[in-house]
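Good morning, everyone, and thank you for making room for me on the agenda. Please have a look at the structure on the screen while I talk you through some parts of it.

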Amino acid sequence: MNYERFFSAQLGQLREEGNYRVFADLERQCGAFPIARNHTPTGPEKVTVWCSNDYLGMGQHPEVLVAMHGAIDRCGAGAGGTRNISGTTHDHVLLERELADLHGKDAALLFTSGYVSNWAALGTLASQIPGITVLPDELNHASMIEGIRHSRCQKRIWKHNDLDDLEQHLVALPADAPKLIAFESVYSMDGDIAPIAEICDLADRYGAMTYLDEVHAVGLYGPRGGGIAEREGLMDRLTVIEGTLGKAFGVVGGYIAASHDLIDFIRSFASGFIFTTALPPAVAAGAVASVRHLKKSHEERDLHQQRVREVRERLDNLSIPHTPNPSHIIPVIVGDPVKCRFISDVLMRDYGIYIQPINYPTVPKGTERLRITPSPVHAPEDVDRLISALGELWTQCQLARRPMAAQ
């Protein structure tokens, strides 16, 4: 077999389908986000980022930066290895305490990313509990899918946010069999929200544990930024709450929060925790500062929701189709991978606006989109420029417009 020819052919097919991913060479500008420097063959150009998961701009918050600089001065750069050998630092301990408190749980456990926390926690629970059946929502993130697949457990996938379908699966299982329902609060591509209370009701009725991924909600919802479950007063009903430090909290890392024994169980058996180098102390210190700030400050969340409403209203005024949802994620539907890529490229080249196209396999074919994430650090003039550019490109690409009532 000619391996290089195979690789080239597969990449060529992606390009023909309009699904080849091109990474922008961006350099974030501290103190100026969402402004970034785009490094092009002809030199750097200023762009405004409209698709970042740094939802609140906490990656540049002064309290976070001071904490990280201080930790570097105290501890140096790295953690020194895995936490089991030499990597546990006091900053890790402090952060886990803050996260447990944020979610009203006994304990928390840090991982190197949200992906790893899902993969390791779900994979460990599903492989170590004898006879367990995992019931994942069909639109769960790839990290959840991979963790469950890695465990080789029995699974029953239920239709997205469909309580009747979930109950049918639960009814079909023996009453005394171990069960785990795995789902998300805010789904990142469509921005819809799970019926958490009703899922917990079913879990109670059929003796199932619950595993809630709150990565696109922590920091953004709830009185202290604990997520949708905190906003709805449901944190105590969930077995495991999983979150990330790499989105609204502005740094990097993932975590789970749960009972002491469950956390200790994952700490003791999860290879994705045991055998990987710990987060640098500076990252943990920055996360502590971010979590503490958002526990007491409502300003960022309030302005964030204001910006989201404003962008939605402006899109409606131009009849540009976007998926209605109750969250902060605005999927602007293009419906064609080539046009989606083209619009993204022209926005960057001609308007200085960066929005990465979302194509298959991240979303189903025919639902290609621009995923817009307004933030409190987008100025009104940024919104004006975005809406004007999209209006012009919608006309140029002869894309359908929809009356507001039809969206």
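The second largest pocket is lined by 16 residues, and those that lie nearest its centre are Ala 24, Asn 38, Thr 40, Asp 345 and Met 348. A pocket here is found on a 1 Å grid over the protein atoms alone, as an open set of points with protein on both sides within 12 Å along at least five of seven lines, and a lining residue has an atom within 4 Å of a point. About 300 Å³ of space lies in this second largest pocket, where grid points are joined across faces, edges and corners and the volume is the space filled by probe spheres set on the points.

Before I go on, please keep in mind that this is a predicted model, in which local features need pLDDT of at least 70 and side-chain atom pairs count only at pLDDT 80 or more, while totals for chains, interfaces and linings use all residues. Residues are numbered from 1 along each chain as its sequence is written, and side-chain values use heavy atoms, with hydrogens and water left out.

Which helix gives the most to the lining of the second largest pocket? That is H14, residues 337–351, which contributes 5 residues, and strand E2 also supplies at least two. Helices (H or I, at least four residues) and strands (E, at least two) are DSSP runs, numbered from the N terminus. By character, the lining divides into 6 nonpolar, 5 polar and 5 charged residues; Ala, Val, Leu, Ile, Met, Phe, Trp, Tyr, Cys and Pro count as nonpolar, Asp, Glu, Lys and Arg as charged, and the others, Gly among them, as polar.

Let us stay with Thr 40, which lies in strand E2. Is Thr 40 buried, partly exposed or exposed? Thr 40 counts as partly exposed because its relative accessibility is 22%, given that buried means under 20% relative accessible area, exposed over 50%, and partly exposed in between, with a 1.4 Å probe and protein chains only.

Strand E2 leads us to its sheet, an open one of 4 strands in the order E1-E2-E3-E12, with mixed pairing. Strands E1 (26–28) and E12 (353–354) stand at the edges with a single partner strand each, so one side of each has no neighbour in the sheet. Two strands pair if DSSP finds at least two bridges between them. E1 and E2 (residues 35–40) run antiparallel and are joined by 3 bridges, with Asn 38 in E2 as the bridge partner of Leu 26. E2 and E3 (residues 43–49) are also antiparallel, over 6 bridges, and a hairpin of 2 residues joins them; here His 39 has Pro 44 as its bridge partner. E3 and E12, however, pair in the parallel sense over 2 bridges, where Thr 48 is matched with Ile 353.

Now to the interior. A nonpolar core is a set of buried Ala, Val, Leu, Ile, Met, Phe, Trp, Tyr and Cys residues joined through side-chain atoms within 4.5 Å. The largest such core has 52 residues, and those touching the most other members are Leu 99, Ile 181, Phe 183, Ile 196 and Leu 245. Several elements each supply at least two of its residues, including helix H4 (90–102), strand E4 (107–111) and strand E10 (254–258), while the largest share, 6 residues, comes from H12. Leaving aside residues up to four places away in sequence, Leu 99 touches Ala 108, Leu 110, Leu 245, Tyr 255, Ala 257 and Val 291, contact being heavy atoms within 4.5 Å.

In E10, 5 of its 5 residues are buried: Gly 254, Ile 256 and Ala 258 point one way, and Tyr 255 and Ala 257 the other. In a regular strand the side chains alternate between the two faces of the sheet. E10 pairs antiparallel with E4 over 5 bridges, and Ala 257 stands opposite Ala 108.

Finally, how many cavities of 30 Å³ or more does a search of the whole structure find? There is 1, a cavity being a set of points where a 1.4 Å probe fits but cannot get out. About 100 Å³ of space lies in it, and its lining includes Arg 83, His 92, Leu 110 and Phe 273.
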